[in-house]
Amino acid sequence: MCDLIDADRLPGQPHCTPEGLAAARRGLVPPVGWAVPVWPRISVLADADDRPCGIVAYLSWADVHAGDICWVHAYEDPAVLRALISHAHAALAHCPQIEAFVGAPPGPLGPGGLPRTRRAATHDALVQTGFTGRRQGCYLHRRLHVEPPPTKLVADVFPCGFPSGHRLILREAAEPVAEALVSVGPERGATIYWIETVPTRRRCGLGRRLLDQALALLAERGATEVALVLDDAGQSTPESQAAPRLFRSFGFTLVDQLWTYQHRRPQTQRPGA
């Protein structure tokens, strides 16, 4: 099953392991205030020789009556993909709304959204099953030098427990004005979870200084590549283009656009309504 998932692996994404699959089977640990999954389920489709040819994971929430197809892998075989998605769709028949490939940072089971170009067959299978897709962002990647580049330290660095990594905080007059969260995972791959500058201090070079230090920190801790999910990359406002320009200037390249999907079941009208 790990081979199925690794066949769709993106640059900078760690390989799938049995431990990763076991953790996914145990379910998500949501932040405080989020709906708690009732059950996660992983279904495997096997061929005539009992060899796995497709796998899908899905879950539902009791309090909001919503479902989620977390990921599906089938070597981009259209027939197997349609069978798996239809199976998950039927299992979530009690949910008025089902989402698929909801955005998340890169991880061992996928980048969150669906890589639209690399996984065109999965996109088509979702659409044919009644899902509507939209672009939610993009997946960026770059290599890191083994030795950290010289840089002037500008931010304080603190360990972070969830997600596990390091938080960098840049201050002016003791007030935080920019922040980043980064992590080094298995196989020397790193993730940038976010980098943000307060609105009143944007376009002052703070993001560039903070990213420079963040990349140096990751390289110092042994990372040889780094990936990130950039949300709302499809917007065309000047403000929304600042982050893509920043990452391009640091050598990040676009791997693929990431899409997310939604399916709403038609509501039946009650008699006499």
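# Exercises on a predicted model

Thr129 is buried, with a relative accessible area of 17%. The model you are looking at is predicted, and the exercises below walk through some of its parts.

## Exercise 1: Thr129 and its surroundings

Task: find where Thr129 lies and which residues it is in contact with, leaving aside neighbours within four places in sequence.

Solution.
- Step 1. Look in the loop between H4 and strand E6 (132–143), where Thr129 lies.
- Step 2. Check the burial: a residue counts as buried under 20% relative accessible area, and Thr129 has 17%, so it is buried.
- Step 3. Set aside the neighbours within four places in sequence; Thr129 is then in contact with Ile85, Ser86, His89 and His263.
- Step 4. Now turn to the side chain of Thr129, which has a polar atom 2.6 Å from the backbone oxygen of Ala125.
- Step 5. Finish with Gly130, which follows H4 and has a positive phi near 105 degrees.

## Exercise 2: How H3 meets H4

Task: describe how H3 and H4 pack, using the angle and distance of their axes.

Solution.
- Step 1. Two packed helices are described by the angle between their axes and the distance between the axes.
- Step 2. For H3 and H4, the angle is about 45 degrees and the axes are 9 Å apart.
- Step 3. An angle under 35 degrees would count as roughly parallel, and 65 to 115 as roughly perpendicular; H3 is therefore oblique to H4.
- Step 4. The crossing of H3 past H4 is right-handed.
- Step 5. On the H3 side, the contact is made by Leu81, Arg82 and Ile85, and on the H4 side by Ala121, Thr122, Ala125, Leu126 and Gln128.
- Step 6. Several residues of H4 are buried, namely Ala121, Thr122, His123, Ala125 and Leu126. The elements covering the buried residues of H4 include E3, H3, E4, strand E5 (114–115) and E12.

## Exercise 3: A second helix pair

Task: work out how H5 and H6 cross, and which residues meet there.

Solution.
- Step 1. Locate helix H5 at residues 206–220 and helix H6 at residues 242–249; their axes come within 11 Å and cross at roughly 45 degrees.
- Step 2. That angle makes H5 oblique to H6.
- Step 3. The crossing of H5 and H6 is right-handed.
- Step 4. Gly207, Arg208 and Leu211 from H5 meet Leu246, Phe247 and Ser249 from H6.
- Step 5. While you are in helix H6, find Pro244 there. Pro244 has a relative accessible area of 10%, so it is buried.
- Step 6. From Pro244, look for Asp231: the two are 13 residues apart along the chain, and their C-alpha atoms are separated by 10.0 Å.

## Exercise 4: The nonpolar cores

Task: find which residues touch the most other members of the largest nonpolar core, and which elements give two or more residues to this core.

Solution.
- Step 1. In soluble globular proteins, nonpolar side chains tend to be buried together.
- Step 2. The largest nonpolar core here has 31 residues, and Ile69, Phe101, Leu126, Phe131 and Tyr261 touch the most other members.
- Step 3. Two or more residues of this core come from each of helix H1 (2–6), strand E2 (52–61), strand E3 (66–73), helix H3 (78–91), strand E4 (97–100), helix H4 (120–128) and strand E12 (253–264).
- Step 4. A separate second core has 28 residues, including Ala155, Leu211, Leu215 and Leu228.
- Step 5. Zoom in on Tyr261: beyond four places in sequence, the residues it touches include Phe101, Leu114, His123, Leu126 and Phe131.

## Exercise 5: Two loops and a strand

Task: compare where Ala173 and Arg188 lie, then describe the surroundings of Glu179.

Solution.
- Step 1. Most residues other than glycine have a negative phi.
- Step 2. Ala173 has a positive phi, near 55 degrees, and Arg188 has a positive phi too, near 65 degrees.
- Step 3. Ala173 sits in the loop between strand E8 (165–172) and strand E9 (175–184), while Arg188 is in the loop between E9 and strand E10 (189–197).
- Step 4. With a relative accessible area of 78%, Ala173 is exposed; at 44%, Arg188 is partly exposed.
- Step 5. Move into strand E9 to find Glu179, which is partly exposed at 24% relative accessibility.
- Step 6. Beyond four places in sequence, Glu179 is in contact with Arg167, Leu168, Ile169, Trp194, Ile195, Glu196 and Leu210. With one of these, Arg167, the side chain of Glu179 makes a side-chain polar contact of 2.4 Å.

Notes
Residues are numbered from 1 along each chain as its sequence is written. This is a predicted model: local features need pLDDT of at least 70, side-chain atom pairs count only at pLDDT 80 or more; totals for chains, interfaces and linings use all residues. Side-chain values use heavy atoms; hydrogens and water are left out. Buried means under 20% relative accessible area, exposed over 50%, partly exposed in between (1.4 Å probe, protein chains only). A nonpolar core is a set of buried Ala, Val, Leu, Ile, Met, Phe, Trp, Tyr and Cys residues joined through side-chain atoms within 4.5 Å. Contact means heavy atoms within 4.5 Å. A polar contact is a pair of N or O atoms within 3.5 Å; within protein, one must be able to donate a hydrogen and the other to accept it, and residues adjacent in sequence count only if both atoms are side-chain atoms. Axes are lines fitted to C-alpha atoms, for helices over the stretch in contact, and angles run from 0 to 180 degrees between N-to-C directions. Angles under 35 degrees count as roughly parallel, over 145 as roughly antiparallel, 65 to 115 as roughly perpendicular and the rest as oblique. A crossing is left-handed if the near helix is turned anticlockwise from the far one by less than a right angle, and right-handed if clockwise.
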